[in-house]
Protein chains: 2
Amino acid sequence: MNDWLDEIKWDSDGLVPAIAQDHLTGRVLMMAWMNREALALTASEQRAIYWSRSRAKLWRKGEESGHVQKLHELRLDCDADVIILKVEQLGGIACHTGRESCFYRVFENGGWKTVDAVIKDPQSIYQKGNGHD
Amino acid sequence: MNDWLDEIKWDSDGLVPAIAQDHLTGRVLMMAWMNREALALTASEQRAIYWSRSRAKLWRKGEESGHVQKLHELRLDCDADVIILKVEQLGGIACHTGRESCFYRVFENGGWKTVDAVIKDPQSIYQKGNGHD
């Protein structure tokens, strides 16, 4: 009964990119990666669960910070190799830098300029200090 | 003077994911890949130019269909390994299936359901028939 997972074209590492987008504003909050288990859990638990490539384990977004991403909609692209998650971002912060979105740098005058403010100091978000949940 | 390109964390294939988003509505239109040359050209020509992994060459989006993506803004994420392009999608069609967005399938009742209509028959879009520009 997991035909829908079989339709995904997982890459050679068994992963697909997953784009998290605010379900109301459409702002892209972050992009991370999912393996088959992460996507299955995301659907069943109705919250974003990624695969952390750096830590090589499931990454239950918000498990330390409380900045859980509640799932509103899952979408798949034409090539079946990219996922979109429309989410409600609890706490209003997706980025480990304490910003709403990870995409806080804009290309201007030949360089990357930070244009979005930090909402909350990361040190107060991540008590245990891994700084990336 | 290409320090901004050196800041990107290209993957082991020299690529980064690039998310194209409508600059007005925020709808995510597609995700493709860029190498260093593609990103440099995107910035200099102010239109989306990707790296086609399947064809192993630069992919000047819209070169056959006319469905060019005019660049309005480039953003970079916290890890410097994902790009967002805010674009104006000429013709209102980003997907090679003739739809506005490649993300036209929604997860419903345990399966992927197509929810967005085809705007234009792909056969009339791609005269030469490569069907993916």
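Which strand of chain B is joined to strand 7 of chain A, and do the two run parallel or antiparallel? I looked this up first and found that two bridges join strand 7 of chain A to strand 5 (residues 69-76) of chain B, the two running antiparallel; strands here are DSSP runs of E, at least two residues long, numbered from the N terminus, and two strands pair if DSSP finds at least two bridges between them. Within this pairing I noted that Val106(A) stands opposite Arg75(B).

I kept in mind that this is a predicted model, in which local features need pLDDT of at least 70 and side-chain atom pairs count only at pLDDT 80 or more, while totals for chains, interfaces and linings use all residues. Residues are numbered from 1 along each chain as its sequence is written, chains are lettered from A in the order in which they are written, and side-chain values use heavy atoms, without hydrogens and water.

Next I turned to the extent of the interface. The contact (heavy atoms within 4.5 Å) takes 40 residues from chain A and 40 residues from chain B. The buried area, meaning the accessible area (1.4 Å probe) lost by both parts on being put together and summed over both, is about 3300 Å², with 65% given by carbon and sulfur atoms.

I then looked up the charged pairs. The rule finds four salt bridges across the interface, each being a side-chain nitrogen of Lys or Arg within 4 Å of a carboxyl oxygen of Asp or Glu. In one of them, Arg53(A) is joined to Asp81(B), with the closest N and O atoms 3.9 Å apart.

How values were computed
Buried area is the accessible area (1.4 Å probe) that two parts lose on being put together, summed over both. Helices (H or I, at least four residues) and strands (E, at least two) are DSSP runs, numbered from the N terminus.
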